[in-house]
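Open the model in your viewer and keep the selection box ready. We will go stop by stop.

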Amino acid sequence: MSWRTAIIFISAVHLTDLDRLKGYEHGAVDYISVPVIQELLRAKVKVFAELHRKTRQLEVLNRDLEMRVSERTEELAAKAELLQRLNLELVGRNQELDAIVSTAPDVIFSGQGHGRYEYVSERFYEYTGATPSDSGVSWLTYVHPEDIPRSNESWIQSVNAGSQYESEYRLRSKDGDYRWFRARAVPIRSPQGKIVKWYGTCSDIHDSKLLEQSIRDNAIELEKMVNRRTDELRRLSIRLLSAQDQERRRIARDLHDGLGQELAVAKMILDKLILQNQSQPLESCAQASSMIDRAIQQVRTMSHLLHPPLLDEIGLLSALGWYAEGLTQRSGIQTVLDVPPDFPRLPAEVETAVFRIVQEALTNVFRHSEARKVWINLHQRDGQIVVSVLDDGKGIDERVAELRPEKVGVGIGGMKQRALEFGGELRLRNASPGTLLELVIPTTAVLKDASPVLDECR
């Protein structure tokens, strides 16, 4: 009989407690005396059957619980081993971090979420000569007095805004000297977004700061030197242009008064010879006379082109009218000179510069533009003298219009320099079609007489 079977003893003999004890010792679970009451027997059997079923369930649950306890124990043991390895790794990392902090050339610091300093590396104490204190770090004590308001304000703004902190200030060393440092710090936030820590570094930038200042000072000095040299070159250029104009004037005068007069005398002598030999005129003399006429005309033209007498005698407008008319005769390009009646007379040196610029512009139109018509305009606008030369030709390269030094020639460079001589500006642009050149000179820099001078040649 299996020990799992519940046994109920049924006896007609009067049993004592000792008999029941022996029955229980042999595996009985209950005794029933005769006569047997069926309902009672069924009830007992039902109870013992249910008890047996519960026992079996309890055994299964116990085995499952033991298995789970075993698995959980193994899991905890594995986690404990992992935790031990992590602790060992953390100890190693802490040692590495301590080594980095202790050997780093920068000052490393940390602060509480509200901004109060709570830790600073040994580098700070080595530099300042301060002694670590339980009351905290008195950082501002070692900041230069001039830098305290700015650096403190920057720190407070970063703490309040929760933004990255950066500031430069001077720290006092244990020798009493100040060196420049750059401090940077970033906030560390909790999962809820609250700032719980600040970590940062403070780096010595004194040498680079001095280098920056030296570079800045050298740049300023270099700029001053460049400006001085530019002024000297401008003055030299002005003198060269002035000397060029004077030389042109002298050569024009020498051509007119010297070679021109000699040719005129030669012409008179030949004409006299021809008159004396009217009965037998010499063909060679007539040809020579004609050649001398052409030479005199060429000398006169060259003299006027070098320096028109009208420019000195009557003024700019007459000289421009004469030159524009001559250009039309020589090239076939139609020229239009537009000047308002109230256009004032300018100082001689300004009129010379304007004439030379217009002369160079018209020469470029003749040589390069393939234009059929050109307009020359002089007027006053917004306190400025504006001179413009517009043609209907093929235009210019955009790089030339931008007046890039590597793209402009001597002619445009000279025009630009003449404009700068009087505080003016030279502008070039494509007019689609053609090219527009504008010379703009401040009125206050050039006017000496407000009375208008009309051009008799217009």
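Over the ring of which residue does the charged end of arginine 330 sit? Select arginine 330 and look for tyrosine 323: the charged end sits over that ring, 5.5 Å from its centre. Bear in mind on this tour that the model is predicted.

**Stop 1: another charge over a ring**

Now select tryptophan 180 and lysine 209. Lysine 209 lies over the face of tryptophan 180. The distance to the ring centre is 4.8 Å.

**Stop 2: the aromatic cluster**

How many aromatic pairs does the structure hold? There are 12 aromatic pairs. Show one of them, phenylalanine 124 with tyrosine 125, which is edge-to-face. The ring centres are 5.6 Å apart, and the planes meet at 80 degrees. Both phenylalanine 124 and tyrosine 125 are buried.

Next, widen the selection. Phe124 and Tyr125 belong to one aromatic cluster, together with Phe109, Tyr117, Trp139, Tyr142, Trp155, Tyr165 and Trp198. Keep Tyr165 and Trp198 on screen for the next stop.

**Stop 3: helix α4**

Select residues 148-161, which make up helix α4. Three residues here deserve a click.

Start with serine 151, which is in α4. Is serine 151 buried or exposed? Serine 151 has a relative accessible area of 3%, so it counts as buried, the cut-off being under 20%. Its side chain reaches the backbone oxygen of isoleucine 148 at 3.2 Å. Now look beyond the neighbours within four places in sequence. There, serine 151 is in contact with Leu140, Val143, Tyr165, Ser167 and Tyr169. Tyr165 is one of the residues in the aromatic cluster.

Move along to serine 158, also found in α4. Serine 158 counts as buried because its relative accessibility is 5%. Which residues does serine 158 contact, leaving aside its neighbours within four places in sequence? Ser163, Gln164, Tyr165 and Trp198 are in contact with serine 158. Tyr165 and Trp198 are both part of the aromatic cluster.

Then click asparagine 160, again in helix α4. Asparagine 160 is exposed, with a relative accessible area of 63%. Add histidine 114 to the selection. Asparagine 160 and histidine 114 are 46 residues apart in sequence. In space, their C-alpha atoms are 8.3 Å apart.

**Stop 4: the end of helix α9**

Select residues 348-369 to see α9. This helix has 22 residues. From its first C-alpha to its last, α9 reaches 30 Å, close to the 32 Å expected at 1.5 Å a residue.

What follows α9? Glutamate 370 does, and its phi is positive, near 60 degrees. Most residues other than glycine have a negative phi. Glutamate 370 is not a glycine, yet its phi is positive. Find glutamate 370 in the loop between α9 and β9 (373-381). Glutamate 370 counts as exposed because its relative accessibility is 65%.

**Stop 5: helix α11**

Jump to residues 410-421, which form helix α11. Try a ruler check here. At 1.5 Å a residue, the 12 residues of α11 should span 16 Å. The end C-alpha atoms of α11 are 16 Å apart, which agrees.

Which residues of α11 are buried? Among them are Ile412, Met415 and Ala419. Gln417 and Arg418 are buried too. Just past the helix, select glycine 423, which follows α11. Glycine 423 has a positive phi, near 70 degrees.

**Stop 6: the β11 and β12 hairpin**

Finish by selecting strand β11 (residues 425-430) and strand β12 (residues 435-442). The two strands run antiparallel, and six bridges join them. Pick out arginine 427: its bridge partner in β12 is glutamate 438.

Now go to the turn. The hairpin has four residues between its strands. Serine 432 is found in this loop. Although serine 432 is not a glycine, its phi is positive, about 50 degrees. Is serine 432 buried or exposed? With a relative accessible area of 66%, serine 432 is exposed.

Add proline 433, also in the loop between β11 and β12. Most peptide bonds are trans. The bond from serine 432 to proline 433 is cis, with omega near 5 degrees. Turn the view to see serine 432 and proline 433 together, and the tour is done.

Technical notes
Residues numbered from 1 in each chain as written. Heavy atoms only, no water. Buried < 20%, exposed > 50% of the residue type's maximum accessible area, 1.4 Å probe, protein only. Polar contact = N/O pair within 3.5 Å; in protein donor to acceptor, adjacent residues only side chain to side chain. Contact = heavy atoms within 4.5 Å. Pairing = 2+ DSSP bridges. Expected span 1.5 Å × (residues − 1). Phe/Tyr/Trp six-rings, centres within 6.5 Å; stacked < 30°, edge-to-face > 60°. Lys NZ or Arg CZ within 6 Å of the ring centre and 35° of its normal.
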